[in-house]
Amino acid sequence: MTAQSTDHEATITTTSLRRAVALAERPSRPSALSTTLTFGWRALLKIKHVPEQLFDVLVSPVIFTLMFTYLFGGALAGSTTAYIQFLLPGILVQTIVIVTVYTGYTLNTDITKGVFDRFRSLPIWRPAPIVGALLGDTVRYSIASVMTIALGLLIGFRPEGGVVGVVLGVLLLLVFAFALSWIFTILGLLLRTPNAVMGVSMMVLMPLTFASNIFVDPSTMPAALQRFVDINPVSHLVTAVRGLMAGQPDAGEIVWVLVASVVLTAVLGPITMHLYRTRH
């Protein structure tokens, strides 16, 4: 076979390939909703392929619930049955709030692997990768909620608010968790490594969760600590969720949580997107 015939065949092949991939018209740009849902599905697929990500979601609530109920329940409330009624809504809040850290952790992981730059080059709605990841993580929060409530029911938790109260409490918690996740998304964009994101996030969350009304009534605390607990956003969230599950909803606390969620999203969302666009 001569070199001329080989070149001719290569030209024909190239022409055929070009015709095969040529489009009569440019495909329409995907909508913001479809793109966001696609990235949400991506977040769920990451859980499917790396099930270890659910370890904290499944194990942490079990450890905390059993440990505090049976180690401290008798001393703090006189019986484990009485204490679980007070404790479980708080443990639920603590579990979900801590799980929100993984939003920033996974985003930073994408950045270190170079996936982040690929997303920014795509002709899609710019916030879609972040908003989609937040929506996907909502499924993780829901799994943790079901796990915690199921364990509570198994060891004696009986919510007087019934199914409606429990569902409303979880929904309120999911709304706040979505808003809170923006904080850790910002950390994921600012810090250099996933471990740094995890470390800084835990330094923020540990005081907020333990210096709150999750485990004990604040009236038993020193006056200075009570003042911190009273302004702690986690305490407001726990009071709202606890009231809904107990069948005694506190309208003021519910409104506080909803307004705080809106403010967090309105303020931190644009900051996150600015960092997302300008990060090199």
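This is a chat about a few side-chain features of a predicted model.

Biologist: Hi! What should I know before I look at this model?

Modeller: It is a predicted model, where local features need pLDDT of at least 70, side-chain atom pairs count only at pLDDT 80 or more, and totals for chains, interfaces and linings use all residues. Residues are numbered from 1 along each chain as its sequence is written, and side-chain values use heavy atoms, with hydrogens and water left out.

Biologist: Okay, aromatics. How many aromatic pairs turn up in the whole structure?

Modeller: Eight, from a search of the whole structure. Rings of Phe, Tyr and Trp (its six-membered ring) pair if their centres lie within 6.5 Å; planes under 30 degrees apart count as stacked, over 60 as edge-to-face and the rest as tilted. One of the pairs is F64 with F68, which is stacked, at 6.1 Å centre to centre and 15° between the planes.

Biologist: Where do F64 and F68 lie?

Modeller: Both are in helix α3, four residues apart, about one turn of the helix. Helices here are DSSP runs (H or I, at least four residues), numbered from the N terminus.

Biologist: Is F68 buried or exposed?

Modeller: F68 is buried, with a relative accessible area of 12%, while F64 is partly exposed at 22%. Buried means under 20% relative accessible area, exposed over 50%, and partly exposed in between (1.4 Å probe, protein chains only).

Biologist: Which residues form an aromatic cluster with F64 and F68?

Modeller: F72, F210 and F215 join those two in one aromatic cluster.

Biologist: And what about Y102 and Y105?

Modeller: Their ring centres are 6.1 Å apart and their planes are at 70°, so that pair is edge-to-face. Both tyrosines lie in helix α5 (residues 101-113), three residues apart. Y102 counts as buried at 15% relative accessibility, and Y105 as partly exposed at 26%.

Biologist: Staying in helix α5, what does the side chain of D110 contact?

Modeller: D110 is in that helix too, and its side chain makes a polar contact with the side chain of R42, at 3.1 Å. A polar contact is a pair of N or O atoms within 3.5 Å; within protein, one must be able to donate a hydrogen and the other to accept it, and residues adjacent in sequence count only if both atoms are side-chain atoms. D110 counts as buried, at 10% relative accessibility.

Biologist: New topic: where is M67 found?

Modeller: M67 is in helix α3, which covers residues 55-77. At 32% relative accessibility, M67 counts as partly exposed.

Biologist: Great, thanks!

Notes: Helix = DSSP H or I, 4+ residues; strand = E, 2+ residues; numbered from the N terminus.
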